[in-house]
Amino acid sequence: MNAESPKMNTVGRPSAPELAVETTSFKSLLGGRGLLQSEKLIFEKDDYSRTGVDFADIEIDAADLDGLLRDDLSLPGLTEPEAMRHYVRLSQKNHAIDLALYPLGSCTMKHNPRLNEKMARLPGLGDIHPLQPVSTVQGALALIDSLSHWLKTLTGMPAVAVTPKAGAHGELCGLLAIKAAHEAKGQGHRRTVLVPTSAHGTNPATAAFVGYTVKEVAQTADGRVDVADLASKLGPDVAAIMVTNPNTCGLFERDVVEIARLTHEAGAYFYCDGANFNAIVGRVRPGDLGVDAMHINLHKTFSTPHGGGGPGAGPVVLSEALAPYAPKPWVVAGGAGFQMLEHDEASSSANFGRMCAFHGQMGMFIRALTYMLSHGADGLKQVAEDAVLNANYIKASLQDVMSVPFPDGPCMHEALFDDRWLEGTDVTTLDFAKAMIDEGFHPMTMYFPLVVHGAMLIEPTETESKDELDGFIAVLCALAGAAKAGDVARFKGAPYLAPAKRLDETRAARAPRLSYS
Amino acid sequence: MRYLPLSSGDRAAMLEKIGVDSVDALFVDVPPSARRTGTVDLPKVAGELEVEAQLTAFADQNLSPAKVPFFVGAGAYRHHIPATVDHIIQRSEFLTSYTPYQPEIAQGTLQVLFEFQSQVARLTGMPVANASLYDGSTAAAESVLMATRVTKRNKAVLSGGLHPHYRETVETLAHAVGIETEACAVAVDDEADVLKHIDANTACVVVQTPNVFGTATDVSEIAKAAQAAGALLIVVVTEVMSLGLLKSPGEMGADVVAVEGQSIGVPLSYGGPYVGLFAAKEKYLRQLPGRLCGETVDADGERGFVLTLSTREQHIRRDKATSNICTNSGLCALAFSIHMSLLGQEGLKRVAKINYAKAHKAKDELAAAGFDVVTPRFFNEFTVKLPVAALPVVEALAAKNVLGGVPFARLQDAPGFENHLIVAVTETVSDSDIATLVSALKEVAR
């Protein structure tokens, strides 16, 4: 180094922090956050006349539409480079599975294989129309048939209705089949659905949606359905029970066979919420447990991407008793290839109607089948085992620093903690979750299930390596230590290092502003 | 297995930490009778190479629209999607995130949803829109339920031009909850008939424009009649591209609008996933189904976005929720929003005019060839009443490598409509495709 060096161009030279400079209160000149650009709304552009497509501006003589033409269209346009900037900048404000463990309990945030995406974009699958003549889409029908075969085999159930578009839509499908079956047997007076207190919100919402009265079933001290309470509530008014298994406490319902027996004895049907099928796929068949209907979230167990909130897919497997009531359309294999039964007249079934315009979430069927074929039966069994192993490893590693509401015995695919261990720290479950963001992880599901105070539900999934789990465990241990040591500001102000500080949800709801104006 | 990172060494170390001998000990709560021991009769693990070959074999059995003259519509439309759309939706941060429950680390998704809602509101001419539903048909069903909540009445009048699959989707849900539906007779143009069905028990009138036969309708009169009777007008749109040219439902007085958004940004994908657009008048805000994204500020006072008014939703209200929907159609909403941004008002108008011009060219050529076009006013889709049944005709056309449209009989068995063929013509259709359709129809539909 000579005396001239400070004046030299420093490009290519290593830089190091200047320790004498205090950096925490640093503010950029115009309020930017470094490369994380603040991004205006597309509506805040001055000029709406740009476009990112090159279509000719033709003249038309729309005489037949006299009086029907609009002149009020006001939508901003972006050229392609502007669009790329806008959406890529926005993308950088999102957390994602591909960035780190995403432990949302009950959501099964597993890796999304990219082969699935590639297959869904094959022109012969991604670019075919639902109303092409069936003779021109035999491969599509064969694919649906193949997916159905896998789902039926893995669940041990005789039939599957593929059209429901998400888990809650599958619940709707299952309950409508149950309703139709009761009505066909002269049991339409059955108007009650029993739901455990720990159920997903969609269960009571779906039951109420189709006009049933919801009655809650109590839970035992070890986090399972209280069979005695269930038995006391089963009766001639009960149409169905809706039980999640493994349940939302991450536990297998040990008495599930007895639950099914009691339910059937009372003349009701057993709807199983299959959101947590990932824990048992390849090892347990719901059909062997006495289930009558169960939706399968293809976006959970079978890895189709969550996409920022869908699209999902929720095929419903059905028992012999419910199969005749499955909604149309229906794919059948015949002598001359596959057929699609779309009309009541064309089928002898007592179908309850139609769930949606076409044949369900084909794009998700392609991805899910690709995933199944990749794993094979042996790989899927390994999926369940590794998912359960990972969850139990987290539970074992954290049970001494956090509190576990149901400590006895193993959990399944998710580890549930409560907030007893935070007592006296002035840190809440919400604060703790927000502080996880500053350490690089998405928070776990919080305050659910409702039966556990300050619940923290952690579902790692099988696609996490031991290294990633150990890193996650280290973060939670460190945060737990900080909470117990009284470092409250770390939690109350969290997140400090996210693209946004803690957001005011109360204000958003008080004076809703839902679109740009 | 390439998606499973744990090694056998990892597994052993983790079992030791847990304090059990084998993974079987973790499944001890499963009743012995339900434990699977034997092998499952399904294939074993397979590499990318093998799986790709299997999926390609399925794809190869289908006739891909890109290869042939293509006129199939009736609720799903083949439009050109800019390459940018598919690139952006495959970014990890959009593809592999979930519902933005933690807004501080989901501002990307949330701002997109806010922009999406704003685009949908402007496109439909309505003050508020939600963050998407599954598709147009389920949006229509939700809108009927909402109308009965709002009016405390129990009857829905369904226009005879409503897509039969939409009608069935609405009827399935409505009848399950005890809502009565009154479906008008199938008709190419049925405004007058709809008006006759409105009475003091009517909760809502559901009208589609352009309807399943392609007919565009000014629904202003129906809006006035419905509202005068205390009912809501629900406007269904299955071809969202039409809103680049046609008066918005809001301008015509709609109370609720349920739209299939597939035409903008979402590939055909054999029927799904698509994206339902749902918009309404402001006074129904707290009765809307589905997620809503709203503007707020963060602790530093910076603008930010959150999911809001969740007290309508299942995870808070449980059996008192306005809908049971949870996962909706987020990534398709993103695709819609990107494509809409790339189009902008200028691009949308231009592509809409091209659709109009091509469809009318096809109509003119078919009419000149002696075919009976029965749709009086249309955007990019019209109906031809063939001299023979339409179902075998489309099969015969397919044998000639022409995908010539949708027979109405495919959608519904309705006497008098056996010969009706619904023909959609988008910007992807060339003049020579139209000529091929006309000459092929002359051969097979005589």
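## Chain B: a helix, a sheet and two domains

Just after helix α6 of chain B, K152(B) takes a positive phi of about 55°. This is a predicted model, in which local features need pLDDT of at least 70, side-chain atom pairs count only at pLDDT 80 or more, and totals for chains, interfaces and linings use all residues. Residues are numbered from 1 along each chain as its sequence is written, with chains lettered from A and ligands numbered from 1 in the order in which they are written.

Helices (H or I, at least four residues) and strands (E, at least two) are DSSP runs, numbered from the N terminus. Of the 16 residues of α6(B), 13 are buried (20 or more other C-beta atoms, placed from the backbone, within 10 Å of their own), so the helix is largely enclosed by the rest of the structure.

Now to the sheet. Four strands of chain B form an open sheet in the order β10-β11-β13-β12, with antiparallel pairing; strands pair if DSSP finds at least two bridges between them. Because β10 and β12 of chain B each have a single partner strand, one side of each is left without a neighbour in the sheet.

| Edge strand | Residues |
|---|---|
| β10(B) | 372–373 |
| β12(B) | 406–407 |

Five bridges join β11(B) to β13(B), and K385(B) has H420(B) as its bridge partner.

Finally, the domains, whose bounds come from an automatic or database domain assignment. Chain B has domain 1 (68–80 + 344–444) and domain 2 (83–339). Between them, 28 residues of domain 1 of chain B are in contact (C-beta atoms, placed from the backbone, within 7 Å) with 24 residues of domain 2 of chain B. α11(B) gives the most to this side of domain 1 of chain B, with seven residues.

Definitions and conventions: A residue is buried if 20 or more other C-beta atoms lie within 10 Å of its own, exposed if 12 or fewer, and partly exposed in between; C-beta atoms are placed from the backbone. Two residues are in contact if their C-beta atoms, placed from the backbone, lie within 7 Å.
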